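Let's work through a few exercises together. Keep the sequence and the 3D view open, and try each task before reading its solution.

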Amino acid sequence: MRRYAVLVMFALCVMWPSVAGATNYNYVSATKYDWSQLAAGIVEGKTTKYDQAYAIYRWLCDNIAYDTAYSIYTADEAYEQKKGVCQAYSELFYRLGEAVGLKVDIVTGKAKSSLDINDVEGHAWVFAYTSDTSGILIDPTWGAGSVSNGTFSRNDYDDT
């Protein structure tokens, strides 16, 4: 019975991040763009919601750098400057997903920023629905690369 309870708690934490202490405000800044043409090009030939979400993730990882000045927070600015912080990555994923009919939630919470378990900071990532009732957690910020000594280094297709 205890094993079952642990499994249920794990599933709740994965399926509904707010249960795990994260919050989903799904706040997205206003936009001046029609994202449909860009998004359609990114997901061209992708027929499943999972494949579309993955294509958007890869596009973000390959085209948006982390803003080491910590000043770019919106989808519009990230698209224009080709860089942004986690909120910008998440908003841009949201906008691109929305343009192709994907339901996407922006999730905010705490994330470890180093090997020190007590070193946590605010972070944003996304939950993309791959069906009506389930989906996947995606973090395009960390998928894009890492920052060391104020310098962004892009990952080369490291989807871990």
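**Exercise 1.** In which helix do R58 and D62 lie, and how many residues apart are they?

*Solution.* A quick heads-up: this is a predicted model. Start by finding the two residues: R58 and D62 both sit in helix α3, four residues apart, or about one turn of the helix. Next, recall a general point: an α-helix has 3.6 residues a turn, so residues three or four places apart point the same way. Now look at the side chains: R58 and D62 form a salt bridge, with their closest N and O atoms 2.8 Å apart. Finally, check the surroundings. R58 has a relative accessible area of 6%, so it is buried, while D62 comes in at 31% and is partly exposed.

**Exercise 2.** What span should helix α3 have at 1.5 Å a residue, and what is the distance between its end C-alpha atoms?

*Solution.* Helix α3 covers residues 49-63, which is 15 residues. The span is taken as 1.5 Å times one less than the number of residues, so 21 Å is expected for α3. In the model the end C-alpha atoms are 21 Å apart, which agrees. While you're there, pick out the buried residues of α3: among them are Q52, A53, I56, Y57 and W59.

**Exercise 3.** How many salt bridges does the structure hold?

*Solution.* There are three. You've already met R58 with D62, so let's go through the others.

- E98 pairs with R95, the closest N and O atoms being 3.2 Å apart. Both belong to helix α5 (residues 86-99) and are three residues apart, about one turn of the helix. R95 is buried at 13% relative accessibility, whereas E98 is partly exposed at 41%.
- E80 pairs with K32, at 2.9 Å from N to O. E80 is in helix α4 (residues 75-81) and K32 is in the loop between α1 (2-15) and α2 (36-43), so this bridge ties together parts that are 48 residues apart in sequence. K32 is exposed at 61% relative accessibility, and E80 is partly exposed at 36%.

**Exercise 4.** Is Q87 buried or exposed, and which residues is Q87 in contact with, leaving aside its neighbours within four places in sequence?

*Solution.* First locate Q87: helix α5 is its place. Then compare its relative accessible area, 16%, with the cut-off: buried means under 20%, so Q87 is buried. Last, list the contacts beyond those sequence neighbours: Q87 touches Y27, Y73, I106, T108 and A124.

Definitions and conventions. Residues numbered from 1 in each chain as written. Predicted model: local features only at pLDDT ≥ 70, side-chain atom pairs only at ≥ 80, totals over all residues. Heavy atoms only, no water. Buried < 20%, exposed > 50% of the residue type's maximum accessible area, 1.4 Å probe, protein only. Salt bridge = Lys/Arg side-chain N within 4 Å of Asp/Glu carboxyl O. Contact = heavy atoms within 4.5 Å.
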